[in-house]
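Good morning, and thank you for the time. I shall present one protein structure, beginning with its charged pairs and ending with its overall form.

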Amino acid sequence: MNPNHYNTIILGGGPAGIASALRRRKRGEKVLLIEKGRHLGGKLDFYEWEGYRWDKGPSLFTLPALIDELFQLYGKNPKDYFNYKLIDENCRYYFPDGTHFIFHSDPIKRQESLADFFNEAEVKSVENYIQKIGKTYEAIGDLFIAAPRRGFKDLFKAEILKQYPKFASRQMLLSLNKYNERMLKNEKLVQLFNRYGTYNGSNPYKMSGLYSMIPHLELNIGTYFPVGGMRAIAESLSKLAEEVGVEVRCNQLTKEVTKEGEIFKVNLGDSEVTADQFICAIDHVSFYENIMPDAQMLAKHKDEERSTTAVVFYWAIDGNYPEIGLHNILFSADYEKEFRQLFEDKVVPDDPTFYIHNSSAVEENAAPKNGQNWFVMINAPAGVQPTDEELERLRTQVKGKIKEHIGIDLEGKVLHEERWDMARIQKDTGSHMGSLYGAAFNTKTSSFSRHGNKSKKHKNLYFAGGSVHPGGGIPLVLKSAKIVDELIEKNG
Ligand SMILES: Cc1cc2nc3c(=O)[nH]c(=O)nc-3n(C[C@H](O)[C@H](O)[C@H](O)COP(=O)(O)OP(=O)(O)OC[C@H]3O[C@@H](n4cnc5c(N)ncnc54)[C@H](O)[C@@H]3O)c2cc1C
C-alpha cells in the first residue's frame, strides 16, 4: 500500500478540519489533516505574556454537546479530555445614557435585574421573545443548520412545507431589526437583541428576522466556558485525533491541489500526497484562488459581501476590577449608523460598540493574582486595514468609555498589548478579507446562496468550515463537519 495515499485528506486544522478528520477516521479511513500553522486550532489560537493568557479568537461558547459528541463517537468519556462550566451571567451591558445591567440566562434573575431599568411590559416582552425564538428554533432550526444547504426548490419539500407558517412568518420577511422592534418594547432592548446579528458578522438592519433564533442557544440552552479557556477545545480534540490515529502535519504549506482522474494530488512543495476524497476546511475563496484555482467559482464567490472582521486588543491589565465580568458590551449611541459605516461606507465606525472578554473573571490562572486578561474587540469592515491613527483613536475611545461608564481609569494600567486585525487574521487563518464568518447573511435569502458542503464540479470534493454552509462560529462549523461526513456516506 502506498504510504502517501489516503482515503481522505483534509486541508485546514481549525475546528471544522479537526472534526471532519475525527469523523472520517471513525469510519475506518486513513486520514491526513494538513495545517499551515504551528499547531491545530485555527482561530482557536492563543497568546501568552508573563502569566497572562488570552484566547485569540472565539470567546463565547455554546452547544458544548457538539464537542462531547466527538469523544463519544470513540466511546470515550468527554470529561477525561474536556470540561466546561455553565455560566449564568450572560453579559454585562452598558448604554451611553448610563443604563447598565447584568443580563442573566436564568429568567428570574434576568427579570429582577431588568426591572431596575425597564417597566413591567418591557421586561415581559423580553421573556415572550426568548420563549418565541425557542419555539421557532425547535421547529425549524435543524432544518437549516443540521442538513445540507437548502436550495430554492427545497422550499416545496414536505418537511419545509409543514413548517411554512413559521418559516415564512414575519420573522423571515422582516429584517432582524424590524422584527425586534415589533417584538420588544424598548429601543435599548431592540439594540441588545440586534447585537446577535454580529454573531455571524452580519447587519441586523438587513439580515432576516429568522436569525432572531441565535440567542436561543445562549438564553434557553446555556452559555458555557471551557476549563482552561477556549483553547482547550482545540487542545482536547487534537489529543483525541492523535490517539485515534489521524495523521496530522502542522507547519505544512500546501502549494496546490489537482484532480487527476479519480485521485486528488496535493503538492506539498517537497513531496506529494494523494487521496480518494478531499475536504477543504479553509476559506473557500482562498481555496479557489490559491490552492485549486477555479476562475468560475472564484467569480461567483469572491465578491459576495463579507461578514465583518475585527480589531482585537489583548490587554494585560494591572489590577482587579470586579465590575468587569466574563462578557461585557459597551454600546454605541447610534447602532444603525455603526452598521452603515461597517457595511456601506466600509470604515471603522466613529463611535463603535465594543466587547470586553475577561476570562480571568471565571478562571484564576488566566492572569496573575493582581491582574486581568482583557480581550477588547471592535467590529470592523472586512478587507479594510485600520491605520495606526485609527487604532490609536480606538484605544482612546475604549479607555474613555470605560472611565465614563464603569469608572475604571486605565491610565498606566495596560502593561502589555497584543493585537489581531484584518491583515493579521487574513494572513494567519486564510480568511478572505479577514472576515470572521465568511460571507455575510445580509439578505433574506443568504442561507440559500451560501457555498454548499459538496462540490458540484468535482466528485469527492467537500467543504466544511466557517465560510460555507451552515455558517461561522464553533457550533456551526462542527455541524458542517457532520454534514460532510454524512454526505460522504450517502455518496459512498
Ligand atoms: C476575533 C474572533 C472572535 C470570534 N468569536 C467567536 C465566538 O465568540 N464564538 C464562536 O463560536 N466563534 C467565534 N469566532 C468564529 C470562529 O473562530 C470561526 O467560525 C471558526 O474558528 C471557524 O473554524 P474553521 O475550522 O472553519 O476555520 P479556522 O478556525 O479559520 O481554521 C482554518 C485553518 O486552516 C488553516 N489554513 C488556511 N489556509 C491553509 C493552507 N493553505 N494550508 C494549510 N492550512 C491552511 C489555518 O491556518 C487555520 O488553522 C470568532 C473568530 C474571531 C477571529
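Searching the whole of this predicted model yields 33 salt bridges. As background, side chains of opposite charge can pair when their charged atoms come close. I have chosen several examples to discuss.

The first example is the pair Arg-23 and Glu-69, whose side chains meet in a salt bridge with an N to O distance of 2.8 Å. Arg-23 belongs to helix α1, residues 15–26, and Glu-69 to helix α2, residues 65–72, so this pair ties together parts that are 46 residues apart in sequence. Are the two partners buried or exposed? Arg-23 has 7% relative accessibility and therefore counts as buried, while Glu-69, at 22%, counts as partly exposed. The cut-off that separates them is 20% relative accessible area: a residue under that value is buried.

Next, please find Lys-56, which forms a salt bridge with Asp-428; their closest N and O atoms are 3.6 Å apart. Lys-56 sits in the loop between β4 (52–55) and α2, and Asp-428 sits in helix α16, residues 422–429, so the bridge ties together parts that are 372 residues apart in sequence. Lys-56 counts as buried, at 6% relative accessibility. Asp-428, at 35%, counts as partly exposed.

A further pair is Arg-110 with Glu-127, where a salt bridge joins the side chains at 2.8 Å, N to O. Here Arg-110 is in helix α3, residues 107–114, and Glu-127 is in helix α4, residues 120–145, so the parts tied together are 17 residues apart in sequence. Arg-110 is buried, with 2% relative accessibility, and Glu-127 is buried as well, with 11%.

Salt bridges may also be linked to one another. Arg-24, Arg-27, Glu-29, Asp-485 and Glu-489 form such a network.

That network leads us to helix α18, which covers residues 474–491. Does its length fit what is expected of a helix, or depart from it? At 1.5 Å a residue, its 18 residues should span 26 Å, and its end C-alpha atoms are indeed 26 Å apart, which agrees. Among the buried residues of α18 are Ile-474, Val-477, Leu-478, Ile-483, Leu-487 and Ile-488. Asp-485 is also among the buried residues of α18, and Asp-485 is one of the members of the salt-bridge network. The buried residues of this helix pack against α1, α2, α4, β12 (272–280) and β18 (461–463).

I turn now to helix α9, residues 187–194. Seven of its eight residues are buried, so α9 is largely enclosed by the rest of the structure. The buried residues are Lys-188, Leu-189, Val-190, Gln-191, Leu-192, Phe-193 and Asn-194. What covers them? The cover includes the strands β6 (89–94) and β7 (100–104), together with the helices α4, α8, α10 (214–221) and α14 (335–345).

In the loop between α8 (176–183) and α9 we find Lys-185. Lys-185 counts as exposed, at 53% relative accessibility. Apart from its neighbours within four places in sequence, Lys-185 is in contact with Ala-121, Glu-122 and Ser-125. Its C-alpha atom is separated by 36 Å from that of Tyr-314, which lies 129 residues away along the chain.

A word on the cysteines. How many disulfides does the structure hold? The number is zero. For Cys-250, the closest cysteine sulfur is that of Cys-280, 17 Å away, which is too far for a bond. Cys-250 is partly exposed, with a relative accessible area of 27%. Cys-91, by contrast, is buried, with a relative accessible area of 0%.

Finally, let us consider the protein as a whole. Its secondary structure comes to 18 helices and 18 strands. The radius of gyration is 22 Å, close to the 23 Å that the globule rule gives for 492 residues, so the protein is as compact as a globular protein of that length. Along the principal axes, its C-alpha atoms fill a box of roughly 70 × 55 × 45 Å. Of the 492 residues, 60% are buried. If one takes the contacts between residues at least 6 apart in sequence, 71% join residues at least 24 apart. The protein exposes about 20,000 Å², and carbon and sulfur atoms supply 50% of that area.

Thank you for your attention.

Methods: Residues are numbered from 1 along each chain as its sequence is written. This is a predicted model: local features need pLDDT of at least 70, side-chain atom pairs count only at pLDDT 80 or more; totals for chains, interfaces and linings use all residues. Side-chain values use heavy atoms; hydrogens and water are left out. A salt bridge is a side-chain nitrogen of Lys or Arg within 4 Å of a carboxyl oxygen of Asp or Glu. Helices (H or I, at least four residues) and strands (E, at least two) are DSSP runs, numbered from the N terminus. Buried means under 20% relative accessible area, exposed over 50%, partly exposed in between (1.4 Å probe, protein chains only). The expected span of a helix is 1.5 Å times one less than its number of residues. Contact means heavy atoms within 4.5 Å. The radius of gyration is taken over C-alpha atoms; the globule rule is 2.2 Å times the number of residues to the power 0.38. Accessible areas come from the Shrake-Rupley method with a 1.4 Å probe; for residues, only the protein chains shown count as cover. A disulfide is a pair of cysteine sulfur atoms within 2.5 Å.
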